[in-house]
Amino acid sequence: MAEERRKRTNRQTVYETLRRQVLTMQLQPGAALSENELAATLGVSRTPVRESLILLAEEGLVQVFPQVGSFVSRVDPVRVADAQFLREAVELTALDELPAELDETLLADLDENLRRQDVPGIEVEDFFTLDEEFHLGLLRLSGHAAAWATVSAAKGHLDRARRLGLHDATPPAINATQHRAILTAVRSGDLPAARSAMRLHLRAVFADVERIRERSPELFASNGATTPVRRNIVVWD
């Protein structure tokens, strides 16, 4: 039983590590994935790597091509739109269910979060973490924090698009300003303004995707089939 538990822990650790590397772009869209190389890097056998790649393929973050290999999937605008639709539905509904009396402790936490977002020269990953915590904090205000796990599990492609936007299209300061507008409306009880500010904020990713896609189309899935081919090395045309 101890051995089985160790294997499960190993598999979960490898899966979480690889998923994080895909979402943070350490493993770039289109990158070839070698089970042997990943196993050596992570210090594990090939089995947990293979099992993790299968799980990531089920999420659409990895694509496996028979006789060719496994690759990090390109960012799929359709999946981005689907995840954004889910996120908007959850977060706007949560705003509708805010109590008349807001929890002052949770509001103070959100204020502190915004203060940290304003730190000059903040790193993208640090800001992304604060961004996630801010939106989770708003769900806590409405009593629906548990819904965040479902949203997070579905938004892998969306998170990669958001990171691309933070790096290349919409800097953290703009997002922080949008967050502040949402919280100001929430605190004043102006639900229509809060919903409008939230919708504007969440949908900004679409403009980011279009701008980045024009400049770097190789990062995104195309409408047609995109199958890697073997030459001297494995590449993705």
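Ser73 is buried in the predicted model, with a relative accessibility of 2%. The position of Ser73 is in the loop that connects strand S3 to helix H4, the latter spanning residues 77–96. Ser73 and Arg199 are 126 residues apart along the chain, and their C-alpha atoms are separated by 28 Å.

Strand S3 (69–72) is preceded by strand S2 (62–65), and the loop between these two strands contains Gln67. The phi angle of Gln67 is positive, at about 70 degrees, although the residue is not a glycine. Gln67 is exposed, because its relative accessible area of 76% lies over the limit of 50%. A positive phi, near 70 degrees, is also found at Met25, again a residue other than glycine. Met25 belongs to the loop between helix H1 (2–23) and strand S1 (32–33). With a relative accessible area of 11%, Met25 is buried, whereas Gln67 is exposed.

A pair of aromatic rings is described by the distance of the centres and the angle of the planes. The count for the model is 1 aromatic pair. This pair is formed by Phe65 and Phe71, with 6.0 Å from centre to centre and 70 degrees between the planes. The arrangement is edge-to-face, because the angle of 70 degrees is over the limit of 60. Both Phe65 and Phe71 are buried.

Helix H1 contains Arg19. The relative accessible area of Arg19 is 16%, so this residue counts as buried under the 20% limit. When residues up to four places away in sequence are not counted, Arg19 touches Leu56, Glu59, Leu61, Ser152, Ala153 and Gly156.

Helix packing was examined for three pairs, beginning with H5 and H6. The axes of H5 and H6 come within 10 Å and cross at roughly 160 degrees. Because angles over 145 degrees count as roughly antiparallel, H5 and H6 are assigned to that class. Their crossing is left-handed. On the side of H5, the contact is made by Leu106, Leu107, Leu110, Asn113, Leu114, Arg116 and Gln117. On the side of H6, the residues in contact are Phe127, Leu130, Glu133, Phe134, Gly137, Leu138, Arg140 and Leu141. By class, the contact of H5 with H6 comprises 9 nonpolar, 3 polar and 3 charged residues.

Helix H5 (residues 104–117) also packs against helix H9 (residues 172–188), where the axes come within 10 Å and the crossing angle is roughly 160 degrees. H5 and H9 are therefore roughly antiparallel to each other. In this pair too, H5 passes H9 in a left-handed crossing. H5 contributes Leu107, Leu110, Asp111, Leu114 and Gln117 to the contact, and H9 contributes Ala176, His179, Arg180, Leu183 and Arg187. The residues of the contact of H5 with H9 divide by class into 5 nonpolar, 2 polar and 3 charged. Leu107, Leu110, Leu114 and Gln117 of H5 appear in the contact with H9 and also in the contact with H6.

The third pair consists of helix H6 (residues 124–142) and helix H10 (residues 191–215), which pack at an angle of about 145 degrees with their axes 14 Å apart. The crossing of H6 past H10 is left-handed. Asp131, His135 and Leu138 of H6 meet Met198, His201 and Leu202 of H10. The contact of H6 with H10 contains 3 nonpolar, 2 polar and 1 charged residues. Leu138 of H6 takes part in this contact with H10 as well as in the contact with H5.

For the chain as a whole, the secondary structure comprises 10 helices and 5 strands. The C-alpha trace spans about 60 × 50 × 30 Å along its principal axes. Of the 237 residues in the chain, 45% are buried. Among contacts with a separation of 6 or more, 74% are accounted for by residues 24 or more positions apart.

Notes: Residues are numbered from 1 along each chain as its sequence is written. This is a predicted model: local features need pLDDT of at least 70, side-chain atom pairs count only at pLDDT 80 or more; totals for chains, interfaces and linings use all residues. Side-chain values use heavy atoms; hydrogens and water are left out. Axes are lines fitted to C-alpha atoms, for helices over the stretch in contact, and angles run from 0 to 180 degrees between N-to-C directions. Helices (H or I, at least four residues) and strands (E, at least two) are DSSP runs, numbered from the N terminus. Angles under 35 degrees count as roughly parallel, over 145 as roughly antiparallel, 65 to 115 as roughly perpendicular and the rest as oblique. A crossing is left-handed if the near helix is turned anticlockwise from the far one by less than a right angle, and right-handed if clockwise. Contact means heavy atoms within 4.5 Å. Ala, Val, Leu, Ile, Met, Phe, Trp, Tyr, Cys and Pro count as nonpolar, Asp, Glu, Lys and Arg as charged, and the others, Gly among them, as polar. Rings of Phe, Tyr and Trp (its six-membered ring) pair if their centres lie within 6.5 Å; planes under 30 degrees apart count as stacked, over 60 as edge-to-face and the rest as tilted. Buried means under 20% relative accessible area, exposed over 50%, partly exposed in between (1.4 Å probe, protein chains only).
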